[in-house]
Structures are given as structure tokens and as C-alpha cells.
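I opened this notebook to keep track of what I looked up in one structure, entry by entry. I wanted to start with the whole and then go down to single residues.

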Amino acid sequence: MAEVIWTDPALQQLDAIADYIALDNFAAASQLVKTVFDKTERLADFPQSGRVPPELSNSIYRELVVPPLRIFYREGGNRVLILLVMREERQLRAYMLDKR
């Protein structure tokens with residue numbers, strides 16, 4: 001079983017997105033955050049369950065899609081590092097995951 005570790009930037013990104021959604025619908029924002037944490041906790045048992053991002057074929061990164069979010073992570077040893085949270089409509093750039 002792997003340990004799921006959230007990086008500070010990923011938590012800040014999730015928080016910012018939830019804050020924006022909460023301006024219109026607090027319940028929806030709260031439910032989204034709960035769903036994200038539920039899905040990412042499953043990575044402890046199934047770290048390869050996410051797909052390889054289409055933009056980064058043959059990469060060490062994987063992603064979970066929790067509409068309207070994409071959650072990027074990488075696994076190593078007994079750890080799963082959550083690196084980046086972004087809205088689905090944004091275009092992923094390789095530099096967004098560099099040095100993480």
C-alpha cells in the first residue's frame with residue numbers, strides 16, 4: 001500500500017478552484033473537494049489506476065479526471081505524489097510538471 005502525499009502547490013490549486021466554485025455554489029465546491037480526496041485516496045491501493053496524460057505519452061506522470069478537474073501525480077516506491085490540479089479546459093504544458 002502506497003502513501004498518498006499532496007504537494008503544497010497541488011493543495012493550493014485545489015483550494016483556489018474550490019473557492020471560485022464556492023462563490024456560486026458552496027455545496028458543489030464542498031462535494032468536489034470530497035470527491036477529489038476520495039478518488040486520490042484510492043491511489044494508495046491502485047497507484048497505476050490513472051491514465052497516462054495524452055499530451056505526455058511515455059511519461060512518468062499519470063492523471064485522474066474528476067470533472068471539471070485533472071489531477072496529475074507520479075508514483076515512486078511506496079509513495080504517490082499529487083503534483084498538479086487544474087481545470088479540464090486548460091491546456092497542459094510540460095513545464096507545469098517540471099521540477100515537481
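The entries below go from the overall fold to the strands and then to a few residues.

**Entry 1: the whole protein**

I note at the start that this is a predicted model, and I read every value below with that in mind. I looked up the elements first and found two helices and four strands in the protein, which follow one another from the N terminus as β-α-α-β-β-β.

I then turned to the dimensions, and I found that the C-alpha atoms fill a box of roughly 40 × 30 × 20 Å along the principal axes. The radius of gyration is 13 Å, which agrees with the value near 13 Å that a compact globule of 100 residues would have.

For burial, I wrote down that 38% of the 100 residues count as buried. The exposed surface comes to about 6200 Å², with carbon and sulfur atoms supplying 51% of it.

I also looked up the contacts between residues at least 6 apart in sequence, and 46% of these join residues at least 24 apart. As for charge, I found 13 positive and 14 negative side chains, and the centres of the two sets lie 5 Å apart.

**Entry 2: how the strands pair**

I took the strand pairs one at a time, beginning with E2 (residues 61-66) and E3 (residues 69-76). E2 and E3 run antiparallel and are joined by six bridges, and a hairpin of two residues leads from E2 to E3. In this pair I picked out Val 66, whose bridge partner in E3 is Leu 69.

Next I followed E3 to E4, where I found eight bridges in the antiparallel sense. Here, too, the two strands form a hairpin with two residues between them, and Gly 77 in the turn has a positive phi of about 60°. Within this pair, Arg 74 has Leu 81 of E4 as its bridge partner.

Which way do E1 (residues 3-6) and E4 run, parallel or antiparallel? I found that E1 and E4 run parallel, joined by four bridges. Glu 3 has Arg 79 of E4 as its bridge partner, while Ile 5 stands opposite Leu 81 in E4. I noticed that Leu 81 therefore turns up in both pairings, as the residue opposite Ile 5 and as the bridge partner of Arg 74.

**Entry 3: which strands are enclosed**

I asked myself why E4 (residues 79-87) can be called largely enclosed by the rest of the structure. The reason is that seven of its nine residues are buried, where buried means under 20% relative accessible area. E2 is also largely enclosed by the rest of the structure, because five of its six residues are buried.

E1 needed a closer look at its two faces. In a regular strand the side chains alternate between the two faces of the sheet. In E1 I found Val 4 and Trp 6 on the covered face, and Glu 3 and Ile 5 on the uncovered one.

**Entry 4: the helix residue Ala 16**

I chose Ala 16, which is found in helix H1 (residues 8-22), and asked how its surroundings look. Ala 16 counts as partly exposed, at 46% relative accessibility. I also looked up Val 85, which is 69 residues away from Ala 16 along the chain, and found their C-alpha atoms separated by 10.0 Å.

**Entry 5: the loop between H2 and E2**

Two residues of the loop that follows helix H2 (26-41) and leads to E2 caught my attention, and I began with Ile 60. Ile 60 is exposed, with a relative accessible area of 55%. Leaving aside residues up to four places away in sequence, Ile 60 touches Tyr 73 and Arg 74. Ile 60 and Arg 74 are 14 residues apart in sequence, and their C-alpha atoms are 6.2 Å apart in space.

The other residue is Asn 58, which also has its place in the loop between H2 and E2. Asn 58 has a positive phi of about 60° although it is not a glycine, and it is exposed, with a relative accessible area of 81%.

**Entry 6: a cis peptide bond**

My last item was the loop between E2 and E3, in which Pro 68 lies. I found that the peptide bond from Pro 67 to Pro 68 is cis, with omega near 10°.

Note on methods. Residues numbered from 1 in each chain as written. Predicted model: local features only at pLDDT ≥ 70, side-chain atom pairs only at ≥ 80, totals over all residues. Heavy atoms only, no water. Rg over C-alpha atoms; globule rule 2.2 N^0.38 Å. Buried < 20%, exposed > 50% of the residue type's maximum accessible area, 1.4 Å probe, protein only. Contact = heavy atoms within 4.5 Å. Areas by Shrake-Rupley, 256 points an atom, 1.4 Å probe, with all protein chains shown as cover. Lys, Arg positive; Asp, Glu negative; His and termini not counted. Charge placed at Lys NZ, Arg CZ, Asp CG, Glu CD. Pairing = 2+ DSSP bridges.
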